[in-house]
Amino acid sequence: MSATQTVTAMQTASAAETAIRTQPAIRMQNPREVYGRTLVELGHSDPRIVVLEGDLGKSTMTCYFEQEFPDRFFEMGIGEANMTSFAAGLSLTGKVPFTNSFAVFAAGRAYDQIRMGVCIPKLNVKIVGSSAGFSDFGDGSSHQTIDDVAIMRVLPNMTVLVPADANEVRKMAYAAVQHVGPVYIRITRNDMPDVTSEDEPFVIGRPVLIRDGSDVVIFAMGQMVSESVWAAEALELEGISARVVNVSSLKPVDEAALHEYARGMRGIVTAEEHSLIGGLASLISWVFRGRPTPLDSVGVEDRWGQSAHSYAELQQEYGLTASHVAAKVRAVLER
Amino acid sequence: MRRTRDPAELARIARLIRSHIVRMVGIDQKGHLGGSCSAADIVTALYFYKMRFDPARPDWPDRDRFLLSKGHSALAQYACLAEWGFFPKRELLRVKQLGAMLQGHPEVDRTPGIEANTGSLGQGISMACGMAAGLRLDGRTSRVYCILGDGETCEGQVWEASHAASFYKLDNLCVFLDNNGLMTNGKLTDRYNTGPYPEKWRAFGWHVLEIDGHDLPAILDALDTAETAKGRPTMVVAHTVKGKGVAFAEGRPEFHNGIMNRAHYEDALRGLGVDPAEPFNEQPEFSALAIARRGSDSAPERSRLEAARPDLRAPAGGAA
């Protein structure tokens, strides 16, 4: 395919994408809002649950839990290191603590506290990184997270979950409480279109088929799942049948299921709003090492974020739209 | 459970604990002799006077908690736990060996009686705060004890935790500052002064006591006084000598994590009243089982303990 043809194809995809995006049938929900409400539900059903907050409760939406259970809510101020070790101490008395901040601080600022205090002893602490990826578009590189999945995945004993929509956020919060051990959940600021249903069960480790197809499989994570669905719908107009699989459980992951989803496919594409180093691209490349199927990835090249006036501008700048996914699919099939 | 408030008996136990520390450091191996010995009297007072616990049930929910924020003093804690029979005493001689129960720094899931993982400085005090908050939430009367190093106060997290303890009025928390004055490469006051400590913790809203950290009656009084403070945590600034009890190591930064040769090792043991030629006594002096055996009137208690901890059962025909 020539450069001109590629551009034309991308324009086509964009038009299709726009049409699909504006479909009224797709319900949008805010994952933070759903997370905050879910914490309250969990608080009612399980008295062990306590919530720690790094002064961002009206953004992470732990404010609902604070209203409902003031005695089980700990405002820890702007001190994520202390918040995380304090949570470790709470868990050592049998509590199930959820620590909350922006992902960049929850995971990055408190990395050593998570590492030694939580993950080595496999404590039952749930770390929730909010406003992840580029979703805090205005605040720039200091607040944007392209590295959290990488640094959480590398920790032995850690479970890493990246919801593709608000329904999954709710199910993951429940699953995190069921699971004994550290869990990291990555939550975006943006409203997200539903790509899963409310009643579909969520199982830690299990990749989920979102849309079936027969030529190529797109393994996607988080916000990029819906982008990949739009890409697949655009590609269908060109006669390319793309399967979309939501890899919302980055660790552990059912590798056999991933292989099953890729069986008979002519190409594999990964899509994530995260660095290409250490996230989904790394995971899938590792799982499919030595396999002949052409594989390529959409994600953040090895560079930092920056401020913008909208999330869409950053998606465009960093190559994280449905069009970019579609282009990558075409390129993989050309090989 | 046997407890004593007799300073002479506690001093004897502290010497025993220090002799175990020396044995654990061993010959021609690196080991944290200095900081373990500076904290030894405080740790002894906690385990043999103040704290409530049950070696047969290390996870008893109403126990008092003790954690070393300065995790590198683990040898002092291991020695006390072994004498209480939390684990077989011979484990002391396997410390830091590949696969050993006793790691270079404390690990909660490997060692009975250890309450948290520490070693990366500054975090233990935050964990102690979280434990104190969790215990209070459950309405338990358990207390949380923690030892902080003076060099450790360079870590900003110590001060984050100090805010939290005071804000949440954690009066079931008592922290000792093992103020031995030395960091790895010299005197704190010369290299990176973080004092004055009593003034700083008072300003943070703590109940502050200041003692000689080797004066056992003063330590015992501080432990009692700490319980009377309501609505605020207690900080006991304990002035100590690094390497205390091992003459050649006292006040010497090179024995922070230094190496003893054979002459050092034997000198150190002799100084603590132990003949280096004598074999290591593997019977824990204070284990619940040893105590139950001594008070031979409680057969059911003895069976209960033996069932709970078969690893501590006396050899057939043997007497504790």
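1. Chain A first: 14 helices and 14 strands make up its secondary structure. This is a predicted model. The C-alpha atoms of chain A occupy a box of roughly 60 × 40 × 35 Å along the principal axes. For 335 residues, a compact globule would have a radius of gyration near 20 Å; chain A comes out at 19 Å, which agrees. Of those 335 residues, 57% count as buried. Long-range pairing is well represented: among contacts in chain A between residues at least 6 apart, 80% join residues at least 24 apart.

2. Chain B next. Its secondary structure has 11 helices and 7 strands. The C-alpha box is roughly 60 × 50 × 35 Å, again along the principal axes. With 320 residues, the expected radius of gyration for a compact globule is near 20 Å, and the 19 Å of chain B agrees. Burial stands at 54% of the 320 residues. Of the contacts in chain B with a separation of 6 or more, 74% are between residues 24 or more positions apart.

3. Confidence. The model scores ipTM 0.92 and pTM 0.92. Chain A averages a pLDDT of 94, and 93% of the residues score at least 70. For chain B the mean is 92, with 91% of residues at 70 or more.

4. Two segments call for caution. In chain A, residues 1–13 stay under 50 in pLDDT. The model gives that segment 12 contacts beyond four places in sequence. In chain B, residues 315–320 also have pLDDT under 50. For them the model has 6 contacts beyond four places in sequence. I would not read detail into either segment.

5. The contact between the chains. Chain B supplies 24 residues and chain A supplies 22 residues. On the chain B side, the elements giving two or more residues are α4 (124–137) and α5 (156–167). Of the elements there, α4(B) gives the most, with 10 residues. By class, the side of chain B that touches chain A has 11 nonpolar, 8 polar and 5 charged residues.

6. A helix pair in chain A. How do α5 (residues 80–91) and α7 (residues 111–119) of chain A cross? Their axes come within 9 Å and cross at roughly 5 degrees. That makes α5(A) roughly parallel to α7(A), since angles under 35 degrees count as such. From α5(A), the residues in contact are A:A81, A:T84, A:S85 and A:A88. Across from them in α7(A) are A:Q113, A:I114, A:G117 and A:V118. The class count for this contact is 4 nonpolar, 4 polar and no charged residues.

7. A site in chain B: B:I147. This residue is found in strand β2 (residues 144–149) of chain B. Is B:I147 buried or exposed? B:I147 has 31 other C-beta atoms within 10 Å, so it is buried; the cut-off is 20 or more. Beyond four places in sequence, B:I147 is in contact with B:A39, B:I42, B:L68, B:S69, B:K70, B:S73, B:F176 and B:D178. One of these, B:I42, is 105 residues away along the chain. The C-alpha atoms of B:I147 and B:I42 are separated by 8.7 Å.

8. Backbone points to check. Most residues other than glycine have a negative phi, and most peptide bonds are trans. The next two points cover departures from that.

9. Cis peptide bonds. In chain A, the bond from A:K251 to A:P252 is cis, with omega near 0 degrees. A:P252 sits in the loop between β12 (249–251) and α11 (255–262) of chain A. In chain B, a cis bond joins B:G195 and B:P196, with omega about 0 degrees. B:P196 is in the loop between α6 (188–191) and α7 (197–203) of chain B.

10. Positive phi. A:S131 is not a glycine, yet has a positive phi of about 50 degrees. A:S131 lies in the loop between β5 (126–130) and α8 (148–153) of chain A. With 27 C-beta neighbours inside 10 Å, A:S131 counts as buried. A:N157 is not a glycine either, and its positive phi is about 80 degrees. The loop holding A:N157 runs between α8 and β6 (159–161) of chain A. A:N157 has 13 other C-beta atoms within 10 Å and is therefore partly exposed.

Key: Residues numbered from 1 in each chain as written. Chains lettered and ligands numbered in written order. Predicted model: local features only at pLDDT ≥ 70, side-chain atom pairs only at ≥ 80, totals over all residues. Axes fitted to C-alpha atoms, helices over the stretch in contact; angles between N-to-C directions. Helix = DSSP H or I, 4+ residues; strand = E, 2+ residues; numbered from the N terminus. Parallel < 35°, antiparallel > 145°, perpendicular 65-115°, else oblique. Contact = placed C-beta atoms within 7 Å. Nonpolar A, V, L, I, M, F, W, Y, C, P; charged D, E, K, R; others polar. Rg over C-alpha atoms; globule rule 2.2 N^0.38 Å. Buried ≥ 20, exposed ≤ 12 C-beta atoms within 10 Å, placed from the backbone. pLDDT = per-residue confidence, 0-100.
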